[in-house]
2 protein chains.
Amino acid sequence: MNRSKVTIKDVALEAGVSVATVSRLVNGTSIVSAATAAKIQETIQKLGYEPNLMARNLRKKETRVILIVCPNVTNPYYAHILAGITEASYQQGFSAVMYTTNCDPERELEGIQMLYKGRVDGAILMDGLRDHQVFYNAASRFPIVQCSEYVDTEIAPAVCIDNYQASRDMMAHLLGLGHTKIALISSNNDYVSTKIRTQAYKDSLLEAGLPVDPEYIKLGSSDYSFQSGRACALELLQSENPPSAIFCISDTFAFGSIIAAKELGITIPEELSISGFDDVEYTTMHHPFITTIAQPCYELGRTSAQMLFERLEKHSAETGLVYLDHQLVVRESTAKKKTYLTHQDTDLMVNNYSKEKK
Amino acid sequence: MNRSKVTIKDVALEAGVSVATVSRLVNGTSIVSAATAAKIQETIQKLGYEPNLMARNLRKKETRVILIVCPNVTNPYYAHILAGITEASYQQGFSAVMYTTNCDPERELEGIQMLYKGRVDGAILMDGLRDHQVFYNAASRFPIVQCSEYVDTEIAPAVCIDNYQASRDMMAHLLGLGHTKIALISSNNDYVSTKIRTQAYKDSLLEAGLPVDPEYIKLGSSDYSFQSGRACALELLQSENPPSAIFCISDTFAFGSIIAAKELGITIPEELSISGFDDVEYTTMHHPFITTIAQPCYELGRTSAQMLFERLEKHSAETGLVYLDHQLVVRESTAKKKTYLTHQDTDLMVNNYSKEKK
DNA sequence: TGGTTTACTGTAATCCTTTACATATAAGAT
DNA sequence: ATCTTATATGTAAAGGATTACAGTAAACCA
């Protein structure tokens with residue numbers, strides 16, 4: 001392996017000019033005569049010169065590298081955001097280093113160190129930092145943008161969808177279908193998105209004059225695992241008073257719920273409506289296709305990156321929340337509440353008769 | 001944003017020692033007295049000093065960064081490999097920059113440039129380079145390891161599963177179930193894995209004394225899209241002489257085939273066996289669970305990274321193929337050939353009677 | 001013609017480390 | 001008492017770029 005690098009000095013020597021001239025040509029920072037330009041170009045070609053980025057960055061005090069801090073690459077939701085970020089980076093001539101935390105607070109911290117060590121110019125955080133003080137310190141010294149999750153939008157901007165409105169939209173859909181016994185499968189993580197979606201669920205119920213039954217709220221695993229969604233649904237469906245609809249805060253929970261329902265011989269959407277959240281790609285790979293909230297993941301990533309570059313290059317310091325549009329997409333897993341009535345239903349109907357659609 | 005970096009000089013000044021001493025302490029390259037060590041440590045803490053990696057790397061001529069060239073992050077297969085790579089990198093104290101090519105030959109080329117520019121120490125290629133000359137040049141100058149796909153194993157090592165054996169295993173399974181009309185859904189990309197799997201399909205058939213019918217070989221999209229798998233299966237199943245089993249070289253093709261079969265009212269596995277390849281996570285999220293070849297994606301990534309670090313740190317230059325174990329996992333999508341016979345089947349049975357299991 | 005601008009190029013400082021080499025002190029050997 | 005050796009530290013030279021500053025030659029202006 002021949003690692004002998006040819007430097008700007010070599011080029012200068014060979015072309016019979018000074019290093020400054022070569023540098024100026026390469027960077028286009030100043031005019032060089034056509035004759036010397038040609039000569040330099042030629043020797044660059046001949047020697048195969050490539051500027052050493054470490055040296056350049058040291059001098060310029062910029063790395064043109066951004067950091068992506070992300071809990072987990074294998075989650076398709078994050079993967080799509082990642083794709084958006086990397087594409088935008090590519091187009092801006094930045095490169096992106098990836099740091100996965102697996103939601104380990106210690107690793108979240110270590111990731112941030114790359115900023116302090118000067119290895120990257122800025123960061124996109126997809127993992128809401130547990131330690132707010134660390135976040136505050138980092139965000140006040142370095143350009144940071146939060147994507148999808150966030151801890152504080154005063155000090156660094158965040159781009160995400162309007163989780164509250166999206167959840168209200170979905171609940172409105174379910175309510176509009178005539179469901180009154182709507183359960184929630186939330187998560188035991190402490191993401192803002194989780195909190196907000198849960199709050200919207202409760203608010204929607206209350207606003208519709210329906211009770212918020214703690215028995216109807218189950219918490220799946222923090223990483224939204226399919227199996228934990230199945231377990232929650234099983235509990236819900238085997239209880240005394242099973243719901244007629246389940247609002248899942250993640251598509252994977254919805255998948256798990258569908259499996260659970262099938263295992264119990266419950267048909268979807270005839271006997272049970274299930275809704276998801278995120279619209280990951282495999283929502284339409286098996287029937288029933290899932291009714292869900294589509295998040296513009298790729299755009300989320302792209303926008304975050306663009307905002308970061310804006311910060312880096314124009315030294316802008318806008319903060320606050322940036323909402324990208326979500327979309328309620330109604331597919332096969334939700335339908336009007338069934339007309340067949342159990343005894344319990346009949347009991348309930350005494351109180352809620354006017355709310356039944358049919 | 002206060003970007004004022006504190007340098008080693010500041011620390012030295014404050015602690016009343018020379019920069020060399022500070023450097024020695026920080027890097028542990030030489031003994032410093034306990035007293036001064038304590039003093040330096042203290043001032044480092046006080047000033048919040050972090051060594052500038054650009055300067056360090058420039059001096060040391062190493063970046064401790066590796067490059068990951070990958071077609072597409074959103075593909076869960078690659079995502080898992082990526083996870084393995086990033087984990088191994090983290091443990092070795094390296095960071096990983098990601099470069100996605102979307103299989104664009106131009107971008108494959110650009111990715112490689114990072115090596116020449118000295119931004120990274122080595123690379124893991126998951127996208128077999130189209131341009132063999134470029135690959136050859138790069139691989140002879142820089143430490144490169146190929147993962148999953150490869151173009152040449154003489155000049156740079158490759159880690160993957162034994163695609164030939166794996167495909168033979170799957171075909172043996174299908175054949176063992178009594179299937180004689182086995183179709184193939186391959187891909188129109190030119191990956192070695194595709195070629196090898198296709199070859200194994202043909203060899204298995206021939207070895208079993210069965211004909212290789214070109215009508216039974218369909219080519220899905222180069223990126224293994226679900227929809228193209230569905231389209232291929234539809235063609236196959238609606239033909240004059242539909243197969244009783246389909247060997248898909250990718251799980252996504254298998255998913256598409258299952259959907260296609262369902263659309264045509266064909267039951268799986270009773271009327272049609274379908275097998276996948278890769279064992280991406282959602283093979284078990286819907287019934288029928290897919291019979292497939294499990295690839296150790298995470299390990300593939302981890303091993304590749306470890307081999308790269310070996311090359312980097314021990315300057316080893318081992319080449320050749322490294323096979324990781326695959327596994328045939330039999331689930332619900334394959335079963336014995338059905339006993340119900342069509343006229344065509346009866347015709348065929350005259351010749352193949354002894355091969356029928358029941 | 002003398003002065004001013006323009007176009008181009010060169011010299012050397014700078015970015016922040018690491019490290020080869022030199023130095024100084026103290027301890028150990030003879 | 002002198003000569004090594006070990007220990008601990010400092011000085012200054014890389015490393016490969018960018019760029020402030022300076023300089024030269026030609027062109028332009030009055």
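**Contacts with DNA strand D and between chains A and B**

In this predicted model, an N or O atom in the side chain of A:Tyr49 lies 3.0 Å from a phosphate oxygen of DNA strand D. A distance of 3.0 Å is likewise found between a phosphate oxygen of this strand and an N or O atom in the side chain of B:Thr36, while a polar side-chain atom of A:Asn27 is placed 2.7 Å from a phosphate oxygen of DNA strand D. Sugar or phosphate accounts for 61% of the atoms of DNA strand D that lie within 4 Å of the protein, and the rest of these atoms belong to bases.

The protein surroundings of DNA strand D comprise 28 residues, of which A:Ile8, A:Ser23, A:Arg59, B:Ser18 and B:Ile31 come nearest. At least two residues of this surface are supplied by each of α2 (19-27) and α4 (53-60) of chain A, and by each of α2 (19-27) and α4 of chain B; the most is given by α4(A), with five residues. By residue class, the surface near DNA strand D is made up of twelve nonpolar, nine polar and seven charged residues.

The two protein chains also meet each other, in a contact that takes 56 residues from chain A and 55 residues from chain B. The size of an interface is often given as the accessible area lost when the parts come together. For chain B and chain A, the buried area is about 5,500 Å², with 60% of it given by carbon and sulfur atoms. Of the area that chain B buries against chain A, 14% is supplied by B:Met54, B:Arg119 and B:His286, more than by any other three residues.

Between chain B and chain A, 16 residue pairs are in polar contact, both residues being at pLDDT 80 or more. On the side of chain B that touches chain A, at least two residues each come from α4 (53-60), α5 (76-92), β2 (95-100), α6 (105-116), α7 (132-141) and α11 (251-263) of chain B, and the largest share, seven residues, is that of α5(B). This side of chain B consists of 26 nonpolar, 17 polar and twelve charged residues.

Two salt bridges are counted between chain B and chain A, and in a salt bridge between these chains the side chain of B:Arg107 meets that of A:Glu87, at 3.0 Å from N to O. The chains are further linked through their strands, as β2 (residues 95-100) of chain A runs antiparallel to β2(B) and is joined to it by three bridges. Within this pairing, A:Met98 has B:Ala96 of β2(B) as its bridge partner.

Key:
Residues are numbered from 1 along each chain as its sequence is written. Chains are lettered from A and ligands numbered from 1 in the order in which they are written. This is a predicted model: local features need pLDDT of at least 70, side-chain atom pairs count only at pLDDT 80 or more; totals for chains, interfaces and linings use all residues. Side-chain values use heavy atoms; hydrogens and water are left out. Contact means heavy atoms within 4.5 Å. Buried area is the accessible area (1.4 Å probe) that two parts lose on being put together, summed over both. A salt bridge is a side-chain nitrogen of Lys or Arg within 4 Å of a carboxyl oxygen of Asp or Glu. A polar contact is a pair of N or O atoms within 3.5 Å; within protein, one must be able to donate a hydrogen and the other to accept it, and residues adjacent in sequence count only if both atoms are side-chain atoms. Helices (H or I, at least four residues) and strands (E, at least two) are DSSP runs, numbered from the N terminus. Ala, Val, Leu, Ile, Met, Phe, Trp, Tyr, Cys and Pro count as nonpolar, Asp, Glu, Lys and Arg as charged, and the others, Gly among them, as polar. Two strands pair if DSSP finds at least two bridges between them. A residue is near a molecule or strand if one of its heavy atoms lies within 4 Å of it.
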